[in-house]
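Trainee: I am new to this structure and would like to learn how its labels are earned. Could you go through them with me?

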Amino acid sequence: GHASPEDHAYTIMKELDVDYVLVIFGGMSGYSSDDINKFLWMIRIGGSTPEGAHIRESDYYSPSGEYKVDKDGSTAMLNSLMYKMCYYRFGEVMTEQGKPTGYDRVRNQEIGNKDFELDVLEEAFTSEHWIVRIYKVKDFG
């Protein structure tokens, strides 16, 4: 589900009876063992299952073949649930003097999708340095 756009991920979360989703994010603090850095493994694992056959690793690379979260990031990456959970409201944040808002201190990139809202999740908790982020799955039932 994390590799999917929000609407598809919502269907998966509801099927699995998910109420909350946790992500570990290091872009604010510089913590490099975060979920964005592990995301390619999630994509590979998900894409290796019959249910995830639509997930193709190549869709998450930039046109030049790089794993990017900046303006050159792929459409699949910049619209994935993982990206949105990590970077929600991050585009408003100044992380380093002399750098633009939304500057990811792990990947050394200004994020490419800054201005978005979450449709199927609501932020439930974000720790002081944004390492722990928890989202509640909205109930439209």
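Trainee: Why does arginine 107 count as buried or exposed, whichever it is?

Mentor: First, some background: this is a predicted model, where local features need pLDDT of at least 70, side-chain atom pairs count only at pLDDT 80 or more, and totals for chains, interfaces and linings use all residues. Residues are numbered from 1 along each chain as its sequence is written, and side-chain values use heavy atoms, with hydrogens and water left out. Now the label: buried means under 20% relative accessible area, exposed over 50%, and partly exposed in between, using a 1.4 Å probe and protein chains only. Arginine 107 has 13% relative accessibility, so arginine 107 counts as buried.

Trainee: What makes arginine 107 and aspartate 34 a salt bridge?

Mentor: The term asks for a side-chain nitrogen of Lys or Arg within 4 Å of a carboxyl oxygen of Asp or Glu. Here the closest N and O atoms are 2.7 Å apart, and the pair forms a salt bridge. The two residues come from distant parts of the chain, 73 residues apart: arginine 107 is in the loop between E2 and strand E3 (109-110), and aspartate 34 in the loop between strand E1 (20-24) and helix H2 (35-47). Helices (H or I, at least four residues) and strands (E, at least two) are DSSP runs, numbered from the N terminus.

Trainee: Why is aspartate 34 called buried?

Mentor: Its relative accessible area is 0%, so aspartate 34 is buried. Aspartate 34 also belongs to a network of salt bridges that links Asp34, Asp104 and Arg107.

Trainee: How do you know that arginine 89 and glutamate 123 form a salt bridge?

Mentor: Their closest N and O atoms are 2.7 Å apart, and this pair forms a salt bridge. Arginine 89 lies in the loop between H4 and E2 and glutamate 123 in strand E4, so the bridge ties together parts 34 residues apart in sequence.

Trainee: What makes arginine 89 and glutamate 123 partly exposed?

Mentor: Arginine 89 has a relative accessible area of 31%, so arginine 89 is partly exposed. Glutamate 123, at 27% relative accessibility, counts as partly exposed too.

Trainee: And why is glutamate 92 called exposed?

Mentor: Glutamate 92 has 61% relative accessibility, so glutamate 92 counts as exposed. This residue sits in the loop between helix H4 (81-87) and strand E2 (103-104).

Trainee: How do you know that E4 and E5 pair?

Mentor: Two strands pair if DSSP finds at least two bridges between them. Strand E4 (residues 121-126) and strand E5 (residues 132-137) have 5 bridges, in the antiparallel sense.
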